[in-house]
Amino acid sequence: MIKKHNIAVILAGGIGQRAGISMPKQFFKVAGKMVIEHTIDVFERNKGIDEIAIVSNPLLISDIESIVLKNGWKKVKRILKGGNERYESSLSAIQAYDNEAVNLIFHDAVRPLLSQRILNDVLEALKNIPPST
């Protein structure tokens, strides 16, 4: 059986509109780092994650690129343009990997408290999914 690459897809397309704030929540600083930095760190440190793709509001892609360069993350391979709605951003990632045998693990950029144990449990569960035909 072919081992599928595990791709963490971090949805970071929000602009803070629903929360009524002036900046996207993923850029708020908590404990000295932006929320998105804490989130990406979780996936960057996990040995089972092969690659990270970040889906961003098109207007914020250069900000995301700067954050990636500043942190020196090695697993961030793609920064994708998101849509107006969450489902459009998710679809952007699905289409980006459409012809590849991969596991896509979707996660919200403003949910940085994901533990390594839970992430490892998800990766372990994916091993039990039969290959698609």
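**Salt bridges, cores and a few well-connected residues**

Lys70 sits out in the open, with a relative accessible area of 55%, and that makes it exposed. This comes from a predicted model. The salt-bridge partner of Lys70 is Glu37, with the closest N and O atoms 2.8 Å apart. The two come from distant parts of the chain, Glu37 from helix H1 and Lys70 from helix H2, 33 residues apart. Glu37, for its part, is buried, with a relative accessible area of just 2%. The cut-offs put buried under 20% and exposed over 50%, so this bridge pairs a buried acid, Glu37, with an exposed base, Lys70.

In total, the structure holds seven salt bridges. Another one joins Arg78 to Glu51, where the closest N and O atoms are 3.8 Å apart. Arg78 belongs to strand E5 (residues 76-81) and Glu51 to strand E4, so this pair ties together parts that lie 27 residues apart in sequence. Glu51 is buried at 15% relative accessible area, while Arg78 is partly exposed at 25%. A bridge within one helix is found in H4, where Asp121 and Arg117 lie four residues apart, about one turn of the helix. Their side chains meet with an N to O distance of 2.8 Å. Asp121 is partly exposed at 41%, and Arg117 counts as exposed at 54%. Salt bridges also link up through shared partners: Glu51, Arg78 and Glu100 are joined into one network that way.

Now for the nonpolar interior. As a rule, nonpolar side chains in soluble globular proteins tend to be buried together. Here the largest nonpolar core has 23 residues, and the members touching the most others are Ile36, Ile40, Phe43, Ile49, Ile52 and Ile54. At least two residues of this core come from each of strand E1 (5-12), helix H1 (35-45), strand E4 (51-56), helix H2 (61-71) and helix H4 (116-126). H1 chips in the largest share, with four residues. Apart from this core there is another one, made of nine residues, including Leu11, Ala53, Leu80 and Tyr97.

Ile36 has contacts reaching well along the chain. Setting aside neighbours within four places in sequence, Ile36 is in contact with Ala12, Gln26, Ile54, Ile64, Ile67 and Ala109. Gln26, one of those partners, is placed in the loop between E1 and strand E2 (29-30). Despite being a loop residue, Gln26 is buried, at 3% relative accessibility. Beyond residues up to four places away in sequence, Gln26 touches Ala12, Gly13, Gly14, Met34, Val35, Ile36, Leu60, Ala109 and Val110.

Asp50 is another loop residue, found between H1 and E4. With 28% relative accessibility, Asp50 is partly exposed. The C-alpha atoms of Asp50 and His5 are separated by 5.9 Å, although these residues are 45 apart along the chain. Not counting neighbours within four places in sequence, Asp50 is in contact with Lys3, Lys4, His5, Asn6 and Lys75. With Asn6 there is a polar contact too: the backbone nitrogen of Asn6 lies 2.7 Å from a polar atom of the Asp50 side chain.

Not every nonpolar side chain is tucked away. Leu91, Ile94 and Phe106 make a nonpolar surface patch of about 240 Å². Of these, Ile94 lies in helix H3 (residues 86-96) and is partly exposed, with a relative accessible area of 39%.

Terms used. Residues numbered from 1 in each chain as written. Predicted model: local features only at pLDDT ≥ 70, side-chain atom pairs only at ≥ 80, totals over all residues. Heavy atoms only, no water. Core = buried A, V, L, I, M, F, W, Y, C linked by side-chain atoms within 4.5 Å. Buried < 20%, exposed > 50% of the residue type's maximum accessible area, 1.4 Å probe, protein only. Contact = heavy atoms within 4.5 Å. Patch = residues over 30% accessible without salt bridge, like charges linked within 9 Å, V, L, I, M, F, W, Y side chains within 5 Å. Areas by Shrake-Rupley, 256 points an atom, 1.4 Å probe, with all protein chains shown as cover. Salt bridge = Lys/Arg side-chain N within 4 Å of Asp/Glu carboxyl O. Polar contact = N/O pair within 3.5 Å; in protein donor to acceptor, adjacent residues only side chain to side chain.
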